[in-house]
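Here is a short briefing to read alongside the structure. It takes up a few selected residues, one helix and the ligand site in turn.

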Amino acid sequence: MQKKIWAALAFTAFTCAAANAGITNFLPDFSPTSAVINAFDSAVAHRRADALVARMTIDEKLQFIHSEYAMANVPGGGGGYIQGVPRLGIPDLNMVDSSTGSGSTSQPSTTFPSTIGLAASWDRGLSSDYGKEVAIELRAQGFGMGLGGGVNLAREPRGGRLFEFLGEDPLLAGEMLAERSDGTQSQKVIATIKHYVGNEQEHNRSGGNSQIDERTLREIYLLPFEIAAKRAQPGSVMCSYNEVNSIYACENSHILNDVLKNDWHFEGQVQSDWGATHSTANAINAGLDEEEDVGSTVYLTPDLVKQAIANGSVSTARLDDMVRRKLYVMIRTGVMDHPAQPGGTIDFAAANAFAQSVEEQSMVLLKNDNNQLPLSAGSLSRVAVIGGHADAAVLTGGGSGNTRDPVTGNFAGCGGLTFGTSTGCGWWTNPWLKVSTPLVSAIHALAPSAQVSFAGNSDQSSPFAAYTQAQINQAVALARQSDVAIVVVAQPAGEDFGDLQSLSLANPSNQDALVEAVAAVNPRTIVVVESGNPVLMPWKDNVSAIVEAWYPGEGGGNAIANVLFGKVNPSGKLPVTFPVRDQDTPTWGTNGTFESNPVYAEKLDMGYRWYDANNITPMFEFGYGLSYTHFSYSGISVAHLPGGSLDVSFKVRNDGRVPGAEVPQVYLGVPYNGEPPRRLVGWNKVAMNPGESRQVHVTVTPRMQSVWDTSRNNWRYVSGSTVYVGASSRDIRLQAH
Ligand code: BGC
């Protein structure tokens, strides 16, 4: 019902405005998709929140806008804690990181694949399930709020936190985030989306000034937040550490008040990243509703806010607004009436199975010469597995996106493995190896009659130290006498360690040399990459197959083995461009130095748009990914619907021999100054049996055909765009107007 009303309103508004010389004042937008939000519930929640605010004392209100504990002391190993008001039936609210699973520092949790992998699935339903499965664990641990919705874009391909975001395209990232947030809130756990906005690098992470012009902000960096905020209505938006155009994000009235709350009608709350608040009245008046406490400087304490009210710099109406927003979110999501209780039982086996299935749908087959893959167990007598700790562990990302092992309760990196002198077991410490899923045993289970042997680095003193010549010699000897050599390479990255210096695997270790040496003696060399970032592959032409597995989570070993042996047909597509060289990336500049105050000078030409606009051939482009079957595309037609939407329709056929899923992508070339050659405007993921074909329809809303018109400070509809349908951003199969 709610959805229909929105659609009708949007339609009427557009047709009136469309008569006005191609310019619209209001465009059909991103309407709510959530099953949990409807107009009635929302109105009831507002009324209840108003009534509660009216009954709260000033002290009760003040305790409601600031985390009660500094981070290190939050019960249950959470990240922040808002004290409730028992006399009014308002429960406490405990919140925790949840990028790839619960980040509780005291309770075991499942490690799901990194979300850049989730984005590579291009599967909206899977993203919703991901949000739901993570939330189930959060609730069982006593958390009513999950901080896992990271959606900064991969402008800086070397970014330390890329693994916990959703790639380089605003539409893909925004839609996947909306689904994830919806899944989380379906479990009565408040979803947070973060870090708002312009937080695309770790370098100078606590205060860099991201300089982004308004059009670029609106069309690129704000867009994923807008989509998720409107579609899923997450309870919270976390403002980021950095400045946006010289004003700290958490006291930036333009992005908080003007854009988020006024333009987008966001009814939830704005919370600060931990330590990202820099003032009291300024921040509050600019739109910050709640401060989280990292244990040092704090600005929204009861005393300081009381003072600000007393001296007139903050109004009581604004304090009520801050409190009301939080109450509204708690009521609407069900957290108020059904608060999460710690001590619940978690079905870790089921969660592990889900983690594995996500990984299976996230892996991207990048190269497969002469159909080397899938491997046939019956024809193999000796399998070499080399490198990457593949006999013992998989890699995960570090920082607040890390989780504790469900079996040992330890953080990745110290769950029973001994890495020489490495004693890092803490949240923020390197290394981040998850013990649960050794690839060697997973392969052995699928090829029981083969001899599966490992050569590599499990016993090194530091997990990512360079391979010794002796280790490389050992790997070469093993590869020489094996039918196939599977080389695992791994690129560690994480929060608060800075960004990668280079996308090269030669940094931090000589993994390129290892791959080259193995490939020189075994023509069937298959490389599996565990990374959260694109990696350079100087050996690409010398190996026969390459699989990108991202940080694969605790089901990773089994999932990778299943793809290698064809139990699963890979269907992932890259959510981020893999360049040939660092120098080709938009942020490298002359020598790869990170800007402390990044100027987003490439404007709209970020990610694949950069490569397309500058005619740079990437190694593997955005949207690219192979399958064990083959798909053909035919018969495009574009219907111009009343109201301005395009219905793009075409046929996709599985004309290979095995079942598989394809992700047909629709791009638009918008004829307007400054626009890149192509922008993604829609996609579908379709599973088909051999010989089966599907008629695919993708609706392109007027908004997706529009540009931000700075002279009018509004969206401008542009007619006459070219429609491209492709199997990737460069493998364009059909074209029309
Ligand atoms: C990170 C956030 C995280 C918070 C709480 C910050 O350092 O930037 O993503 O939610 O810590 O752990």
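**Two glutamates, one helix and a ligand site**

E267 counts as partly exposed, because its relative accessibility is 33%, and partly exposed covers the range between under 20% (buried) and over 50% (exposed). The model is predicted. A second glutamate, E554, is buried. The ligand has a shell of 13 residues.

**E267**

- E267 sits in the loop that runs between α9 (253-263) and β9 (269-272).
- Take T301 as a reference point: E267 and T301 are 34 residues apart in sequence.
- In space, their C-alpha atoms are 23 Å apart.

**E554**

- Where is E554 found? E554 belongs to the loop between β17 (545-548) and α17 (556-564).
- E554 has a relative accessible area of 2%. The cut-off for buried is under 20%, so E554 counts as buried.
- The side chain of E554 has a polar atom 2.9 Å from the backbone nitrogen of T111.

**Helix α12**

- Helix α12 spans residues 316-333, which makes 18 residues.
- From first C-alpha to last, α12 reaches 26 Å. That is close to the 26 Å expected at 1.5 Å a residue.
- How many residues of α12 are buried? The count is 14 of its 18 residues, and the helix is mostly covered.
- G334 comes just after α12 and takes a positive phi of about 95°.

**The ligand site**

- Which residues of the shell are closest to the ligand? They are D97, R161, H195, D273 and E495.
- D97 has a side-chain N or O atom 2.4 Å from an oxygen atom of the ligand.
- For D273, a polar side-chain atom lies 2.7 Å from a ligand oxygen atom.
- R205 also places a polar side-chain atom by a ligand oxygen atom, at 3.2 Å.
- On its own, the ligand has 310 Å² of accessible area, and the protein covers 98% of it.
- By residue class, the shell divides into 6 charged, 5 nonpolar and 2 polar.
- Domain 1 (67-298) and domain 2 (363-574) each supply at least three residues to the shell around the ligand.

**In brief**

- E267 is partly exposed, whereas E554 is buried.
- α12 is mostly covered.
- The protein covers 98% of the ligand's accessible area, and both domain 1 and domain 2 contribute to its shell.

Note on methods. Residues numbered from 1 in each chain as written. Predicted model: local features only at pLDDT ≥ 70, side-chain atom pairs only at ≥ 80, totals over all residues. Heavy atoms only, no water. Near = heavy atom within 4 Å. Polar contact = N/O pair within 3.5 Å; in protein donor to acceptor, adjacent residues only side chain to side chain. Areas by Shrake-Rupley, 256 points an atom, 1.4 Å probe, with all protein chains shown as cover. Nonpolar A, V, L, I, M, F, W, Y, C, P; charged D, E, K, R; others polar. Domains from an automatic or database assignment. Helix = DSSP H or I, 4+ residues; strand = E, 2+ residues; numbered from the N terminus. Expected span 1.5 Å × (residues − 1). Buried < 20%, exposed > 50% of the residue type's maximum accessible area, 1.4 Å probe, protein only.
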